[in-house]
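Good morning, and thank you for joining this group meeting. I will take you through one structure, beginning at its surface and then turning to its spaces and its charged pairs.

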Amino acid sequence: MRKTFHAKIRLAAICFVTFLPLSVQGYTEPTLAPPKTFFSSLSPHAAFTQKLSAEEQATPWGQECFIGIQFAKKGDFYQAITSFQRSLILLPNPQRQPSIEYMIVLAYYLGGRFEEALEFFIQSAISLKQEQHPHQKDVLIILYDCYLRTQNAPRAMQLLHTPLFSQKEQASLALYGHLYESNWDCLYQSAKNSSPAKEFVCTYQNHAKNEHKAKWLNVILPGAGYFYLGQTQTACIAFSINALFIVAAYQFFQHHLWAAGLITCSLEVGWYLGGIYGALEQASLHNAKIYENLANSLLYQERLFPALQLQRSF
């Protein structure tokens, strides 16, 4: 009777720790995004080649265009696009059409709607011939970033190698592309000729954790991988739970409670393997966060974000 009571207590304790939450998050891809002060850093030039004249501002299409620009300056790109599209409908003179369409593409781009920006550009009257459109370089920069963000890197590289871009501009945009795609082979090559790229690579290597080392440490001693990653609390919990399972299983087998012992062993195997996988995932997440922070800092400080290289914005 007493033996059965103790067995029930052990099983209850095991059930409790089995469902005890462990702070392990899944891996997430690095997100390269500018800080909140991003839009205040954009070029202050007007998007139009020439400012709207007083006569144009008095027209219905000019009023809609002016309203769209005001919305865009406030970061309300959805309303801006709507106003620009109404301006196109009311526009009597097709000479202004490419400029308004450029602002629609720009609004889609700054609003993070990259596929829509590409789709609208393809259907627009915007030409990439310099003599036909004054914002050719800006359009190429926007298209380059949009193709990168829609997983079409080969097309983006084709746009990069155009005569319009200087060698320095090509290097800046290429470095952005390497950072966005986490292309380490190209980053190592860039580090040979670029001080910012070299500093990024060295800083990342100094702070990143070895994912396989974290995994194998947890194989050798449950919780050691988490301790290596600096997650002391998680390491203590993982070690304690695995130790509890092992001790409980030993006690069950010692008292010939074979069924309870096998159940406890199966739970221990699950926790043990889960800890190994969890250490690997946490190392990946740790490195992704470091990469994201360093890359965003570099891109903003060196003004490598394509949008910061635009000559004309709202």
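Let us begin with the nonpolar patch that I220, L221 and F239 form on the surface, with about 320 Å² of accessible area together. Patches are made of residues with over 30% relative accessible area and no salt bridge, with like charges joined within 9 Å and nonpolar side chains (Val, Leu, Ile, Met, Phe, Trp, Tyr) within 5 Å. The areas come from the Shrake-Rupley method with a 1.4 Å probe, and for residues only the protein chains shown count as cover.

Before going further, I should say that this is a predicted model, in which local features need pLDDT of at least 70 and side-chain atom pairs count only at pLDDT 80 or more, while totals for chains, interfaces and linings use all residues. Residues are numbered from 1 along each chain as its sequence is written, and side-chain values use heavy atoms, with hydrogens and water left out.

Within the patch, L221 sits in the loop between α12 (211-220) and α13 (224-228). Helices here are DSSP runs (H or I, at least four residues), as strands are (E, at least two), numbered from the N terminus. L221 counts as partly exposed because its relative accessibility is 42%; buried means under 20% relative accessible area, exposed over 50%, and partly exposed in between (1.4 Å probe, protein chains only).

Q233, in helix α14, is exposed, with a relative accessible area of 63%. Its C-alpha lies 9.4 Å from that of G223, and the two are 10 residues apart in sequence.

I turn now to the spaces. On a 1 Å grid over the protein atoms alone, a cavity is a set of points where a 1.4 Å probe fits but cannot get out, and a pocket is an open set with protein on both sides within 12 Å along at least five of seven lines; lining residues have an atom within 4 Å of a point. Grid points are joined across faces, edges and corners, and a volume is the space filled by probe spheres set on the points.

The largest pocket holds about 310 Å³. Of its 15 lining residues, A171, S172, L175, S190 and S194 lie nearest the centre. Two elements, α9 (167-181) and α10 (184-193), give two or more residues to this lining, and the largest share, 7 residues, comes from α9.

The whole structure has 1 cavity of 30 Å³ or more. Which residues lie nearest the centre of the largest cavity? They are N218, P222, N242, W271 and G275, out of 10 that line it. α15 gives the most to this lining, with 4 residues.

Finally, the charged pairs. Side chains of opposite charge can pair when their charged atoms come close. A search of the whole structure finds 5 salt bridges, each a side-chain nitrogen of Lys or Arg within 4 Å of a carboxyl oxygen of Asp or Glu.

In one of them, R96 meets E56 at 3.0 Å, N to O. This pair links distant parts of the chain, 40 residues apart: R96 is in the loop between α4 (77-90) and α5 (97-110), and E56 is in helix α2 (residues 54-57). R96 is buried, at 11% relative accessible area.

E64 and R86 form another, with their closest N and O atoms 3.1 Å apart. E64 lies in helix α3 (residues 60-73) and R86 in helix α4, so the bridge ties together parts 22 residues apart in sequence. E64 counts as buried at 16% relative accessibility, whereas R86 is partly exposed at 40%.
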